[in-house]
Amino acid sequence: MKSILPLTLIFTMVVAFENCASNQGNQRTGVSKVNTGSHLAQIESIDADLKSSTLSDESRDKLIIRKGKLLLDLGKYDETISTLNQVNQAKSNPVQLSEWNLTMGKAYVGKNEYSKAIQFLNQSERLDKNANLMERKKLVVQSLVAEREYYPALATLTKTYTKGNQKKDEFYFETAAKTYLKMGFEYKNTGFYQKGLQVANLGLEEFPNNETLKSIQKECLEVLQPEGKL
């Protein structure tokens, strides 16, 4: 039986994949190109409105959350967090606090501080279980994978798509396949590579042009073929 690929080569493949998948994952979880000029103009307008002495607490907090979202779009994560911390949480309603926690969670995902992100995202769901449900769940799964909490990530992913018969999309197949790929490397177990390959193959049946799934398929095959485990 041929030996498995050298660990250094496997590590290189996994890291290269993570960089590619991370960029695509960010695009699917809400980060996209923005009109910088428009956002800065809106922030300037909000700052002017916030100086008004006639604003109610609720209106003020809504403006602050809106400003935080604009800063988040611009990738200014620390400014997002410091801005959102100006919200009077004691006086905010549950729906508004859910939105606040979601935005904070996104900011911490942007900062790669995933354990903090998960806390805010879970609190957002506790406050409002329906709004932004899939967006929150995807961010939680993404954060769990980044924290190397692979089993909880897969469990959350499966539960999210099973509940309500949610159709499996590209995020599902990419994330599940990526997680098994990482587990294969982490635990030195070709069985996880086999699962990753199976998921990638299923995903490619639905999304034949998905480059991330093609990359995972190729990497799993390169690991498994020398072992003769296909």
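**Close-up views of a predicted all-helix chain**

**View 1. D78 and its surroundings.** D78 has a relative accessible area of 53%, which makes this residue exposed. Here, buried means under 20% relative accessible area, exposed means over 50%, and partly exposed lies in between, with a 1.4 Å probe and protein chains only. Accessible areas come from the Shrake-Rupley method with that 1.4 Å probe, and for residues only the protein chains shown count as cover. The model is predicted: local features need pLDDT of at least 70, side-chain atom pairs count only at pLDDT 80 or more, and totals for chains, interfaces and linings use all residues. Residues are numbered from 1 along each chain as its sequence is written, and side-chain values use heavy atoms, with hydrogens and water left out. D78 belongs to helix 4 (residues 77–84). Helices are DSSP runs of H or I with at least four residues, strands are runs of E with at least two, and both are numbered from the N terminus. From D78 to G110 the C-alpha distance is 9.5 Å, with their positions 32 residues apart in sequence.

**View 2. The whole chain, for orientation.** Eleven helices and zero strands make up the secondary structure. Of the 230 residues in the chain, 42% are buried.

**View 3. The salt bridge between E99 and K69.** A salt bridge is a side-chain nitrogen of Lys or Arg within 4 Å of a carboxyl oxygen of Asp or Glu. The structure holds 14 of these. In one of them, the side chains of E99 and K69 meet at 2.1 Å, N to O. E99 is in helix 5 and K69 in helix 3 (residues 57–73), so this pair ties together parts that are 30 residues apart in sequence. Both side chains belong to partly exposed residues: E99 has 29% relative accessibility, and K69 has 34%.

**View 4. Salt bridges within helix 11, and a network elsewhere.** K214 and E211 form a salt bridge of 3.6 Å, N to O. Both residues lie in helix 11 (residues 211–224), three residues apart, or about one turn of the helix. K214 is partly exposed at 32% relative accessibility, whereas E211 is exposed at 51%. In the salt bridge between K218 and E222, the closest N and O atoms are 2.6 Å apart. K218 and E222 are four residues apart in helix 11, which means that about one helical turn separates them. E222 is partly exposed, with 27% relative accessibility. Another group, D78, K111, E113 and K116, is joined into one network by salt bridges that share partners.

**View 5. The positive patch around R126.** R126, K129, K159 and K163 form a patch of positive charge on the surface. Patch residues have over 30% relative accessible area and no salt bridge; like charges are joined within 9 Å, and nonpolar side chains (Val, Leu, Ile, Met, Phe, Trp, Tyr) within 5 Å. Lys and Arg count as positive and Asp and Glu as negative, while His and the chain ends are not counted. Each charge is placed at NZ of Lys, CZ of Arg, CG of Asp or CD of Glu. R126 sits in helix 6 (residues 114–127) and is exposed at 53% relative accessibility.

**View 6. The annotated span 98–131.** An unreviewed UniProt entry lists residues 98–131 as "repeat: TPR". UniProt positions follow the numbering used here, feature names are shortened, and annotations may be inferred rather than shown by experiment. The span is 79% helix and 0% strand, and its end C-alpha atoms lie 9 Å apart.

**View 7. Two loop residues with positive phi.** N112, in the loop between helix 5 (94–110) and helix 6, has a phi near 65°, a positive value in a residue other than glycine. K188 lies in the loop between helix 9 (170–187) and helix 10 (190–206), and its phi is near 55°.
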